[in-house]
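Please look over the sequence and the structure shown below before reading on. The report then goes through a few parts of the fold, one heading at a time.

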Amino acid sequence: MKQAILFLFLLIGGILSVKADNITVNGTSRSYNVIVPKNLGENRPLLIFCHGYNQDANWMQNSEFKNDNVSMEAVCDTAKFVCVFPNGIDRAWDTGGDRDINFIKAIIERMVTLHKIDRNRIYLGGFSMGGMLTYNAINKMSDIIAAFVSCSGPSVVTPKATTRPVPILHIQGTADNWGGVQPALNPWIKHNGCPTADKVVSNYNGFSGAKMHTWGPGNDGVEVKLLELKDKGHWICKEPQVYTGKEIWNFCKRYSLNKTAPSVRITAPTTGVKYVSFAPAGESTFPDITVTATADDSNGTIEKVEFFDGTTLLATCTSKPYKTTFASTTTGKHTLKVVATDNDGETGTATVEVTLQAPTTLTISSAFTEGGALPAGWTTYDSSERRVGYGSGYSSGCRVLQFTGSPRGLNYGLYFRNINGTAHQGWAKYGLSDSGTTLSLAPGHYTLKYKICNWNISEAPVELNIEKHASGTSVATQTYTPTINIGNNPSNSFDVPRQQTFEFDIDEQGDYVIALYAAETGWSDCILGQLILAADSYVSTGVDVVQHSSFNADNEVYDLQGRKVSNPHGGIYIQDGKKVWIK
C-alpha cells in the first residue's frame, strides 16, 4: 500500500515523468520505460538498467527497484538523472553479439536528443542476464559508458587489451553461485591495474549481512567493487541500509569519461608482480624494475609525466617515451604511481602494486585457493597449450582443482599433465618472468617440501628440478613416484599424501625456477598439493659492493675462481680486491 501511495504521489505531484516509449533499431521496434525528473536541467546523467531473463522493464522498475521506503523514481528525482529500463526481445538479451549493444546505443542517442544528457556521465547496469549483457558491453562501449554495474550477472567475456580501464560494481548474494564471482572479476581487476588484494568493509552501511570489497585505485583511478550479501539469493537487495538503486547511483556518480583530462596507463610492470629474494639478512637484492607508461590528451598536450613510489618522486618525463627505473631494497608492497599533467593543468593517474619479498620460508602453494585458476607466479605447458598465471575460468587442462570428497587429503591442488608423453613436454614452473614472479636465490643450502598425487594415471613419476632462469640448466633434480591416485574426479575421497623433502645447494647467486615435469607417457599427470621452499643456511658471499652498471674497463675483473673476465655481466666478481655484485 505504501508503495502505491508513493508512486501515485510522484506522478500526481508532478515530481517526475514515467512513461513507456519505442524506438526502431535495425528494422525492429524496441520498447523501454524511462524516468525523467521534473526540472531535470541540461547536462544531467543517464542510467540504463537491463532486466533479467524472462523478466521485463515493468517488473524491473516496479518490483525489484521498489520497497516500502524508497523507489528508483525517488533516487532519480533526488539526484536529477534519467533512468531507462529497456525491454529485451522475448524477455532475453543477446549477451555475446551486437543486437542489444545497438539497442543501448540507440537509447543513448534518443536520450541525448530529448534531454540533453551529459555524454560523459552515461552508466549501464543489469540484473542476472542483464548483468551478463553489461559485461559484454564493457568491451564494446567503454568509450561511451563511464561506469558499469552487474547485479547477480556473471561476466561472460574477458577484457580486450584495447578496452580502457573501467569502473565496475558487482552485487551478489552468497547463496547465488557465489563461488563463481571472484574468478569472473579477477580478469577485470588485472585489466584495470588494480591491486590484487581487496580492502573489505564489513557491516557495510550498518547492515550486518553486507560486506563491500574494493580493489583499487587502478589505472585512471578506477575501482572494482563487490558488494557481498550474506545468504541472499538471486534477487535485488532492498534492505533499508543497502538499497540497490542507491548503491548503483552512489557508485556510478563518482565517474565521468571526462574526455578533457589526460588518459594514462602503466604498461609495465603489471600489477601484482612479485620479486622474491632468498639471501642472508641485509643482503637481499632485487632487479631493477623498468616502469613504462602511455599518456594522451584528447584536447591538448601532455606537459609532464611523473613517476612515484608511494609519495616519493622517482622521475619526471616531459617527452616520450615515458619510463623510469625503480630500484629498491625495501621489502613489502610498493605502490608505483604515474601522474600525467596536460597543458590545462588537468591530471590523470595510474597505479600498480609490486611486492619485494625477502623470506626465509615461502609457502608457494598458499596461492592454491581458487578452482579453475592458474595462480600468479606459475606457468604450465601440457605439450599443447601454454598457460601463464594469473589466469582463471579454466574448466579443463592445467589449473587448480578444488576437491570436495570426504575424507580428502587436499582442499586444492595444481593439476598439470603431459599429453603426448614426450620428455619434459608437460610441466608446471614457478618463477618464469612472464608469470609475474621472479625467484632469486643466494648461495646456500635449501629444502623444498612437497606433497604430490596423481590425478588419473597411477604411479606416474614426477621429476622436480631447480633450474637457472636464464638458461634453463638444471642445478638439482629429484624424481618421486606418487602412491595416491585421486581417480579423475574432484569429489572422490583420497588419503593425505606424504610430505616429501628435496634438499639442494645453490652455488651461484641468480634467478632460478622451480620446475615439475610429468612422466614421459601419454596423458601422465600430477596434482601438486603442497610446495614450501626454505633456506637452511647460506654461504657467506662477503659482497662489498652492489652496483647496477658495468665495471670500469680500466680495472681488471676476475670471477670467483680467479679467472680474468673481459666482459662481465650479472653475478659476483672480484675487482680491486673487493667482491662486487653487478645486477
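Which residue of β13 does S263 stand opposite? In this predicted model, the partner of S263 in β13 is D296.

## An open sheet of three strands

The pair just named belongs to two strands, β11 and β13 (residues 289-296), which are joined in the antiparallel sense by five bridges. They are part of an open sheet of three strands, whose order is β11-β13-β16 and whose pairing is antiparallel. Because β11 (263-268) and β16 (322-326) each have a single partner strand, they stand at the edges of the sheet, and one side of each is left there without a neighbour. On average, and with direction ignored, neighbouring strands of this sheet are turned by 25° against each other.

## A hairpin of two strands

Further along the chain, strand β27 (residues 462-468) and strand β28 (residues 474-480) run antiparallel and are joined by six bridges. Within this pairing, I466 is found opposite A476 of β28. The hairpin that β27 and β28 make has five residues between the strands, and in this hairpin G472 takes a positive phi near 80°.

## The largest nonpolar core

The largest nonpolar core of the model contains 42 residues, and those with the most contacts inside it are L46, V82, V84, I108 and M111. Helix α4 (residues 99-115) provides the largest share of this core, namely eight residues.

For V84, if its neighbours within four places in sequence are left aside, the residues in contact with it include Y32, N33, V34, L46 and L47, and also I107 and M111.

Notes
Residues numbered from 1 in each chain as written. Predicted model: local features only at pLDDT ≥ 70, side-chain atom pairs only at ≥ 80, totals over all residues. Heavy atoms only, no water. Core = buried A, V, L, I, M, F, W, Y, C linked by side-chain atoms within 4.5 Å. Buried < 20%, exposed > 50% of the residue type's maximum accessible area, 1.4 Å probe, protein only. Helix = DSSP H or I, 4+ residues; strand = E, 2+ residues; numbered from the N terminus. Contact = heavy atoms within 4.5 Å. Pairing = 2+ DSSP bridges. Axes fitted to C-alpha atoms, helices over the stretch in contact; angles between N-to-C directions.
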